[in-house]
Amino acid sequence: MKKLKHPAIPIVYDLEEDQEYLYLVEEYLQGTSLYTLIHRQGVFSQAEAVRFGIQLCQLVQFLHSAGETPILHLDLQPNNLMICGGTVKIIDFGQAAFEDAKEGEGEARCAVRGFASPEQYISGQDLDVRADIYAIGAILSFMVCKSPVLREADGRISRELCQVISRCMEPDREKRFSSARQVERSLWPVLNSGRPDSCEDRMEDKPLTVAVAGSRAGAGATHLALALNGFLSRRGLDALYIEQNQSGHMRCLAEMKGIRPDERGLYQLGGCRIRPWYGETVSLQPVKASITICDYGCEWRQMYGRGNDILLMAAGQSPWEWWDLERMMEALRPEIRCGMGSFLVFRERGGRPPVLRPDRRTYRELAIFRQPCYPDPMAPDLAGEGFLEELWRAVSRKAGIKSAEGGRRWHWGKGGKSMSRVLGDRSGKADG
């Protein structure tokens, strides 16, 4: 282990021995075990599970190819995997052995039931890299359904991921993947198939910042920000939600669900990364993300000069809410006209489209959407998912992200009409 040099394997600094004990001095890892994380926050989204699965495959492949003889871990299970700042690290090499080792047969070579391959229970059976392949499949299953045995998951797991897990966990090892690299290659298409846009090139140059603000309390800014963050995370995009208002709603939500923050102050909720408001005086470790969604709530004055790329403004369509909307629009006019992509999202109530004042030039400069009603922003219905799909396509075009043209376009609202058809030219020729 002292010779293994990999960022996901704890460094062994020294080994000391006296007459009674053997002392192993290792690197301290600050993080949370995969088992604890799943039991605190619930199962991961498919995209997040696949991202961690790819990291695990790369790590296992390193062990299997680190020397002349593959190193078998033989105890890959959730308690032996640490999630440290979004990176999978592996601990506890107590069962590890070289592939050609003959000692330690039978039960001594078994991991936790459900994660150990069938051949590990056969006394005298020689083991090879496919024993660890079986465990990779069981861990993937655990991340998406809280069990090493793949179960029904309300359609959240694609057929392609199920096929990868099933092949990893074939009782007959001759039918399994022959290497961790093969598993990794099979997982990449599963991750990429959920992406609504090909935006990797755009994100490598400059991360995208999306600011969300509401015209008044209850206008739906937080609902919209959480829903968009969840939508992007489900599709494998690296999104981060940051609470930029002092409502304290995210900490209340985490407390209600019994979720604790990690060492970077992040909550893992429904497969999404969420950083609540801690105050201006708290210094936190920076977190990198391709897409950052900043929720300003109704504190839209705080948005000035923040360098946001996209502005989403949430508003109600009731008559008594128009004064708040016009006040926000007047104040944000310099931001709207400075070149950033600006979108106005009306919260649907009663299914009637908002009636815009034609004398307001500012409205004609915006792309306008109507958000259907779905109570849970982390689990929208078909209409909600369609709205988020169409909104993200418009944001992608405005932000210069290469979009996948063609394919199915979602329509929502009364009578199957999209918002662009309801509002006509006023909704923006391309983006509405």
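Arg-235 is buried in this predicted model, its relative accessible area being 16%. Its side chain forms a salt bridge with that of Glu-385, the nitrogen-to-oxygen distance being 2.7 Å. Arg-235 belongs to the loop that runs between helix H7 (221-234) and strand S9 (239-243), whereas Glu-385 is part of helix H11 (residues 382-399), so this bridge ties together parts that are 150 residues apart in sequence. Glu-385 is buried as well, because its relative accessibility of 13% falls under the 20% limit.

The bridge between Arg-235 and Glu-385 also has a wider setting. Both residues belong to a network of salt bridges whose other members are Arg-234, Glu-389 and Arg-393. The structure as a whole contains twelve salt bridges, and two further pairs may be considered in turn.

In the pair formed by Asp-128 and Arg-130, the side chains meet in a salt bridge with an N to O distance of 2.5 Å. Asp-128 has a relative accessibility of 14% and therefore counts as buried. Arg-130, at 15%, is likewise classed as buried.

The next pair, Arg-327 and Asp-324, is joined by a side-chain salt bridge of 3.6 Å, again taken from N to O. Both residues lie in helix H9 (residues 322-337); because they are three residues apart there, about one helical turn separates them. Are the two partners buried or exposed to some degree? Arg-327 is partly exposed, with a relative accessible area of 32%, while Asp-324 counts as buried at 11% relative accessibility. The 20% limit separates these two classes, so the partners of this bridge fall on either side of it.

Attention may now turn from charged pairs to Val-88. This residue is located in strand S6 (residues 87-90), and its relative accessibility of 5% places it among the buried residues. Which residues does Val-88 touch, when those up to four places away in sequence are not counted? Its contacts are Ala-8, Phe-52, Gln-55, Leu-81, Met-82 and Ile-83. A separate distance relates Val-88 to Ile-9: the two residues are 79 residues apart along the chain, and their C-alpha atoms are separated by 9.3 Å.

Definitions and conventions
Residues numbered from 1 in each chain as written. Predicted model: local features only at pLDDT ≥ 70, side-chain atom pairs only at ≥ 80, totals over all residues. Heavy atoms only, no water. Salt bridge = Lys/Arg side-chain N within 4 Å of Asp/Glu carboxyl O. Buried < 20%, exposed > 50% of the residue type's maximum accessible area, 1.4 Å probe, protein only. Helix = DSSP H or I, 4+ residues; strand = E, 2+ residues; numbered from the N terminus. Contact = heavy atoms within 4.5 Å.
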